[in-house]
Amino acid sequence: MSKTELKKYLKTLSADELVDVILEAYDARKQTKEYFEYYLNPDEKAQVAKINELIAKEFYPLRGKRKCRVSGIKKAIKEFEKLYPDPSCIVEVKLNFVMACVYVMSTYWGYSRLEKVALSMFEEALQNAVDSGIWSSAMETAEKIVAMAPDFRAVLAEAHDRQTISEIITIKK
């Protein structure tokens, strides 16, 4: 069903029927419930805290072994982006994720698989910062990330020809 067909159908419903359809959708899908909760009460800080908690659970567990599963974190970030929050929140979450990856890669051995994910997320975060005009505030965190891990600096040097990185950050060798 296309959006046009849906719109035509919804216009034929009375206000009470429309409320019933929305409540059924609210009960039927978790994503719909989260969307309406965010739409009615947009608390970006709570969403950012929720994702940062997920990052901490995967990368800095209080008990047990670190798992560093990135698929769940990437999915949470994508779902957060679908809610159209303030761009600074998206950049913050992405850079926190990259910082966690870089910390684990530079501190513990055996986590080199995070390198590709961290680099692509770093590029996305910087591109989002440029697109939204907040790159100056993101630069401080980006420079901390680069300074944190010499290995990550080498990866950035290999990707130096990419426009986002070469324009935004100076790679110190």
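At 46% relative accessibility, Arg69 counts as partly exposed, and in this predicted model the side chain of Arg69 meets that of Glu58 in a salt bridge with an N to O distance of 2.8 Å. Six salt bridges are counted in total, and four residues, Lys78, Glu81, Lys94 and Glu124, are linked in a network of such contacts. The briefing below takes up the salt bridges, then the two largest pockets, and finally a nonpolar patch on the surface.

**Salt bridge between Glu58 and Arg69**

- The pair links distant parts of the chain, since Glu58 belongs to helix α4 whereas Arg69 sits in the loop between α4 and α5, eleven residues apart.
- The two partners fall into separate accessibility classes: Glu58, at 7% relative accessibility, counts as buried, while Arg69, at 46%, counts as partly exposed.
- Glu58 is classed as buried because its 7% relative accessibility lies under the 20% limit used for that class.

**Network of Lys78, Glu81, Lys94 and Glu124**

- Within the network, Lys78 forms a salt bridge with Glu81, and the closest N and O atoms of this pair are 3.9 Å apart.
- Lys78 and Glu81 are three residues apart in helix α5, so about one helical turn separates them.
- Lys78 has a relative accessible area of 45% and is therefore partly exposed.
- Glu124 forms a salt bridge with Lys94, with the closest N and O atoms 3.1 Å apart.
- This second pair links distant parts of the chain, as Glu124 lies in helix α7 (residues 114-132) and Lys94 in helix α6, 30 residues apart.
- Lys94 counts as buried at 2% relative accessibility, whereas Glu124, at 31%, counts as partly exposed.

**Largest pocket**

- The largest pocket holds about 500 Å³ of space, and of the 16 residues that line this pocket, Glu34, Lys50, Ala76, Glu79 and Phe80 are the closest to its centre.
- Helices α3 (30-40), α4 (44-59) and α5 (70-81) each contribute at least two residues to the lining of the largest pocket.
- Divided by class, the lining of the largest pocket comprises seven charged, six nonpolar and three polar residues.
- Helix α4 thus appears in two of these topics, because it supplies lining residues to the largest pocket and also carries Glu58, the partner of Arg69.

**Second largest pocket**

- About 200 Å³ of space lies in the second largest pocket, and the residues that line this pocket are Leu6, Tyr9, Leu10, Leu18, Val21 and Ile22.
- Two elements, α1 (3-12) and α2 (15-28), give two or more residues to the lining of the second largest pocket.
- The lining of the second largest pocket consists of six nonpolar residues, with no polar and no charged residues, whereas the lining of the largest pocket includes seven charged residues.

**Nonpolar surface patch**

- Tyr60, Tyr103, Tyr108 and Met148 make a nonpolar surface patch of about 330 Å².
- One of these residues, Tyr103, lies in helix α6 (residues 87-107), the helix that also holds Lys94 of the salt-bridge network.
- Tyr103 is partly exposed, with a relative accessible area of 32%, a value that meets the requirement of over 30% for residues of such a patch.
- Helix α6 accordingly carries residues of both accessibility classes, because Tyr103 is partly exposed and Lys94 counts as buried.

Conventions. Residues numbered from 1 in each chain as written. Predicted model: local features only at pLDDT ≥ 70, side-chain atom pairs only at ≥ 80, totals over all residues. Heavy atoms only, no water. Patch = residues over 30% accessible without salt bridge, like charges linked within 9 Å, V, L, I, M, F, W, Y side chains within 5 Å. Areas by Shrake-Rupley, 256 points an atom, 1.4 Å probe, with all protein chains shown as cover. Helix = DSSP H or I, 4+ residues; strand = E, 2+ residues; numbered from the N terminus. Buried < 20%, exposed > 50% of the residue type's maximum accessible area, 1.4 Å probe, protein only. 1 Å grid on protein atoms, 1.4 Å probe; cavity = no way out; pocket = protein on both sides within 12 Å on 5 of 7 lines; lining within 4 Å. Points joined across faces, edges and corners; volume = space filled by probe spheres on them. Nonpolar A, V, L, I, M, F, W, Y, C, P; charged D, E, K, R; others polar.
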